[in-house]
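Got your viewer open? Let's take a walk through this one together, one selection at a time.

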Amino acid sequence: MKKLLLFLPTHFTCCLIIGILIEFQYKLQLFATVNAFFFFSLFLIVLFVLNRFKKRQLFTITSWVLFVFIGMFTVYFQDETTSKKYYSNFSVQDSLVVLQVDKVLKSNLYNDKFIGHLKKIGASNAVGTLLVNIQKDTLREKIKVDDVLYFKTQLILIEAPKNPYQFNYKAYLEKQGIYHQVFLKNATFLQKEASKKRIYSLAASLRDRIEASLKKYHFKGDELAVIKALILGQRSGVSSQLLQDYTKAGAIHILAVSGLHVGIILLLLSTLFKPLEKLPYGALFKTILIIILMWCFAVIAGLSASVVRAVTMFTFVAVGLAFKRKTFVLHSLISSMFFLLLVKPLFVFDVGFQLSYLAVFSIVTIQPKLTQLWKPKWKIIDKFWQLFTVSLAAQIGVLPISLFYFHQFPGLFMVSNLVIIPCIGIILMGGILVIILALLQILPAFLAEIYNAVISLMNQFVAWISLQESFLIQDISFSFKLLIASYICFFSLVYLLEKASFKKWVYFLISILVFQLCLLLDKSKVVNTKELLVFYKQRQTVIGENNHGKLTIYHTLDSLSSQNMGMIRDYKVGKNVKEVVYKKSVPNLLKLNSRFLLIVDEVGVYKINELKNPIVLLRNSPKINLERLLVTLTPKLVIADASNYKNQVLRWEQVAKKKKVPFQSIFKEGAVILE
């Protein structure tokens, strides 16, 4: 660990990440960034002249600052919004838009979805990336990667979630440089095949050929979907039920080609080509061959961002393994991270990127210590012990970030991993063999049936694990403070395990105290929370009253379906609510500290004695004279929820604006939180 901390690329990578975060968050202009760098450099030179710093210290600080600026520059230069050709600089209205498809996404009930980059708007060249929604039609020719679409339509801004703590799809797409989307019907666009094929298109064509070949050998349903996910990197065909089963079993990582799959392939290839080490320059030849084969797998898997990221990481790890020292592996890991962030800086926000590096780092540093706890005499038991420690080490590394993003912990993850992971190597290598034979049309029927049966058994086992819901801990509230404190503890533990000393024990115990302090801060925040919120729900009224961690939901919903429960569950987890009570009624008056929330419904009653300056909520389109209400009650704020007619809300907004009374439309602004 100490050697890793002294490794220069570790410092540079940390500074690079700081620069990326600064530029992404604050969107600094290039001119201001260059000026800041110039004046900071001038300041350092002055200090050097005055002998306030030693030469080595000056060089170190200058290097750190330099890589912070490099991080900022990489984000700035890859930000298409800074280009003069960015589509927002053109008038899209009534202009012909030319777009090339980059990626095929999973369809929803109504639309096929794609990501594409703009080529032209009217007669002008343009840049930018859009989310494309096209109405489903079984008669339409399949849209493929690299196809060019021509259309005229309005660009629609991707909206943020309307309720608190919901998954922010807008922010997720912004980290990919996507800010707008288009909706197309089948008669409103023209589709053409690209004249020049990119490698992504060739990879997509290869995947289509593979899928067609597998279907000839009666692979279908969930079995075909799992093969496509495991080997071809295509999870779009996986049913929602199967996806849910793998999630509950703690094995969702199996269905995404990532570091796990590439790592297993690396280990299998290392074992397979081990005899090459006996030859002159055999170790070098073995490493080159492994790297070539891993990149061949990346092409088969479609060269998606997660696959390229994983193969790049393990390319560096393969070089590190060639030296047969843990330190070289860690150095290779950091070097690969630095290289990837230099090329694709926004990978730093990718959950898969974070999980992959944390898992591999944890395996390399913690797993050897765990294996020393017990030395089985029997070889087969030792193999299972090795597998157990690998799974446990990886889980330790990714647990905090998994809780932060997914808010659940599968208690049987070890059982599912102990059964599935040994099979993954066989399934991956067997799958590649099956695919090659299927493409050559020489796949024996018995081999296809055996492979199909293995996949089916794995799915059944995962489905059984997912049914053991008593072992699945859900709705875990885990704040960002706890995430940071957890990783302070984690890295302190790694530092301690390397070689224990009094100073390292002090660091570790301090990290535990920091974690406990964060827990106390979160708990005090829950205890002190008292707020009312009006949720966004089309044609319904849903009001929440959070009273020191107890949430009361007043609603008009016919049933609390999973869809309706989702927005309440998100708030519950985000606010660490301990108890939820549902009441199928909406009161006329609610009190928040010294303020009142007056709820005016379709009956239109609002005159209450001695009630002055309340907050007014309008629901179910009450037939009232709003101007008279404003004069009578002089409210501090008027809110219109999503149970009202939109045109009536617009009229109310104009009246409130005329009377200079604050007005909030939940249709426009989403849920309102009153504290």
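Start by selecting residues 111–121, strand β2, together with β4: the two pair in the antiparallel sense over 7 bridges. Keep in mind that you're looking at a predicted model. Within that pairing, find aspartate 112, which stands opposite isoleucine 134 of β4.

Now add strand β7, residues 178–184, which runs parallel to β4 and is joined to β4 by 6 bridges. Zoom in on leucine 130 and you'll see its bridge partner in β7, histidine 180. Is β4 mostly covered or mostly open? Select residues 129–135 and check: of the 7 residues in β4, 6 are buried, so mostly covered is the word.

Next stop, the nonpolar cores. The largest has 99 residues, and Phe219, Leu230, Ile231, Tyr246 and Met294 make the most contacts inside it. Light up helix α13, residues 351–371, too: this helix gives that core its largest share, 9 residues. Apart from this core lies another, of 37 residues, including Leu590 and Val672.

Click on phenylalanine 219 for a closer look. Leaving out residues up to four places away in sequence, this side trip takes you to Leu214, Leu224, Ile227, Val434, Leu443, Ala448, Tyr451 and Asn452, which phenylalanine 219 touches.

Last, select helix α8 (residues 240–248) and helix α16 (residues 445–466), which pack at about 65° with axes 8 Å apart. Their crossing is left-handed. On the α8 side, look for Leu242, Asp245, Tyr246 and Lys248; α16 brings Met458, Asn459, Val462, Ala463 and Ser466. Colour these contact residues by type and you get 5 nonpolar, 2 polar and 2 charged.

Terms used: Residues numbered from 1 in each chain as written. Predicted model: local features only at pLDDT ≥ 70, side-chain atom pairs only at ≥ 80, totals over all residues. Heavy atoms only, no water. Buried < 20%, exposed > 50% of the residue type's maximum accessible area, 1.4 Å probe, protein only. Helix = DSSP H or I, 4+ residues; strand = E, 2+ residues; numbered from the N terminus. Pairing = 2+ DSSP bridges. Core = buried A, V, L, I, M, F, W, Y, C linked by side-chain atoms within 4.5 Å. Contact = heavy atoms within 4.5 Å. Axes fitted to C-alpha atoms, helices over the stretch in contact; angles between N-to-C directions. Left-handed = near helix turned anticlockwise from the far one by under 90°. Nonpolar A, V, L, I, M, F, W, Y, C, P; charged D, E, K, R; others polar.
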